[in-house]
Amino acid sequence: MAQNGVNPDWEKKVIEYFKEKLKENNAPKWVPSLNEVPLHYLKPNSFVKFRCMVQDMFDPEFYMGVYETVNRNTKARVLHFGKYRDVAECGPQQEVDLNSPRTTTLERQTFYCVPVPGESMWVKEAYVNANQARVSPSTSYTPSRHKRSYEDDEDMDLQPNKQKDQHMGARQAGNVGGLQWCGEPKRLETEASSGQQLSSLNLSSPFDLNFPLPGEKGPACLVKVYEDWDCFKVNDVLELYGILSVDPVLSILNNDERDASSLLDPMECTDMAEEQRVHSPPASLVPRIHVVLAQKLQHINPLLPACLNKEESKTCKFVSGFMSELSPVRAELLGFLTHALLGDSLAAEYLILHLISTVYTRRDVLPLGKFTVNLSGCPRNSTFTEHLYRIIQHLVPASFRLQMTIENMNHLKFIPHKDYTANRLVSGLLQLPSNTSLVIDETLLEQGQLDTPGVHNVTALSNLITWQKVDYDFSYHQMEFPCNINVFITSEGRSLLPADCQIHLQPQLMPPNMEEYMNSLLSAVLPSVLNKFRIYLTLLRFLDYSISDEITKAVEDDFVEMRKNDPQSITADDLHQLLIVARFLSLSAGQTTLSRERWLRAKQLESLRRARLQQQKCVNGNEL
């Protein structure tokens, strides 16, 4: 509140205050997360965090940055700030003076954000445990019942000694996010039941939360950004800290606006009502967050420091410590993946290279560093690919398995498209953040006819693989969204989709019960070792890499020599492939520059892979 004019520095001070506070003693772990804590347990206007992807950006909106209220009885005037609020603050006898010359109109941007698509269960659990470990009863949150006023919340009993842990409601509540709730058992019981209503409301709600992937859970949020919104773009993954706004008044206001708009032209009214419905959903379904601090995440692996840019990773003790013990981790991971690939160690080598691959730059339209692997020779009508995907899920932070059936290809929505009536971007399967692992299971493809949407979907997958881009459909034109998605294709013969590298699986054993075999493989790995694999696969994507002039000359001479012996055996494309394999082979050993040994090893791997394909071709007598 600012009775004596506006102090322009207060906004900076707010941001600085929270920045400093969050640096203290693992403070971020103390902030309740919307990813973990059910919405009905969080008090309105409390400080929260949210890990999310920007699914859509709405038009900027205007709000009253400063407004004046007048007391109807005493005529006393008070100035208020409107930042970080949805609804103007007014006392019982006060009303807002809309004509006040001191009113300031400012602008803010609204993002529609959803939980990170395809986020692995181990990632969610690690974030929950990290928060749980640092929450003590003194930071308890008391559930606030929807139907009580905010003033009543202030009177609520916050004394920990009233907590009844044996009470079922308290126990259920206490498990979520690992936070200890306090309050009277009766109240908690009410909360538990209202929570169940909320989740069932969520499922049966006519409001589509617009998640890119099917079966996703968690809240979608309308995120109000006040500073530097130009830094963010659609599909960025963010960690937000801000003020939670779930004012029931928002829903009432929107209904009133809809009622009022029904007096207008019916056609126009339908369009307006649809846009209003999408842009102002009930706050109980889609809460608002007024952002104080926002950070763009380079990765979502909770086992690593959030910032892994080149300079910081060199000085970070955690990173240098891990790099010093890299080779045993690689050896163990190779053994683990060899078992997962039924004893095929060559396929396991290529799977490691695939999992650490990333687009490191773009030359014109060509994405360099992508390494799509097609694992052919997968047993048909077997659960092998499904269980292999489960293993990958345990290793990477975000993934999705696309079952490539004729029905799925014809009916699923792959490409996001603009809905001009509701003025929003309707999501599709391929709206995924960077570094998502997309496993395409082609072993399920049967005879059948692809219809027009099916053909478009196959084209979209091919473009994603070849150019690492998705063309979003804006009706009158297409808009290109570059991406960085690791695509791994499992198939029986050669894939219908373009892959950078095809390796034919040669199983050394065929377990009678695939599920039992894969389960025992997973249960045999110590959690600490599994975590090392996870750190290894994320960390190596961020390493620098270079080739010295001396090695470049040696590679060129080698290429000329190979061409001399057999001009047909190696093309410029093959050389490019060899260099990519050599790059990720070096990085997989923690080496940031190419050595002669690694170059020879890359040539050896490639010749083994090609010999295997040739051998398969001879066996089958047809093109693989």
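## Cysteines

Cys52 sits at 0% relative accessibility, so it counts as buried (under 20% relative accessible area, with exposed over 50% and partly exposed in between, using a 1.4 Å probe and protein chains only). Cys221 is also at 0% relative accessibility and therefore buried.

A quick note on the model: it is predicted, so local features need pLDDT of at least 70 and side-chain atom pairs count only at pLDDT 80 or more, while totals for chains, interfaces and linings use all residues. Residues are numbered from 1 along each chain as its sequence is written, and side-chain values use heavy atoms, leaving out hydrogens and water.

As for disulfides (a pair of cysteine sulfur atoms within 2.5 Å), the structure has 0. Cys52 is in none, its nearest cysteine sulfur being that of Cys113, 4.0 Å away. For Cys221, the closest cysteine sulfur belongs to Cys52 at 7.2 Å, which is too far for a bond.

## The open sheet

Five strands, or 5 in the order S12-S15-S18-S11-S19, make an open sheet with parallel pairing. Strands are DSSP runs (E, at least two residues), numbered from the N terminus, and two of them pair if DSSP finds at least two bridges between them. S12 (399-403) and S19 (501-504) are the edge strands: each has a single partner, so one side of each lacks a neighbour in the sheet. Neighbouring strands are turned by 20° against each other on average, direction ignored.

Further in, S11 (residues 373-376) and S18 (residues 486-490) run parallel and are joined by 3 bridges. Val373 stands opposite Phe488 in S18.

## A helix across it

Helix H11 (residues 345-355) lies across S11, S15 (437-441), S18 and S19, at about 155° to S18. Helices are DSSP runs too (H or I, at least four residues). Axes are lines fitted to C-alpha atoms, for helices over the stretch in contact (heavy atoms within 4.5 Å), with angles from 0 to 180 degrees between N-to-C directions.
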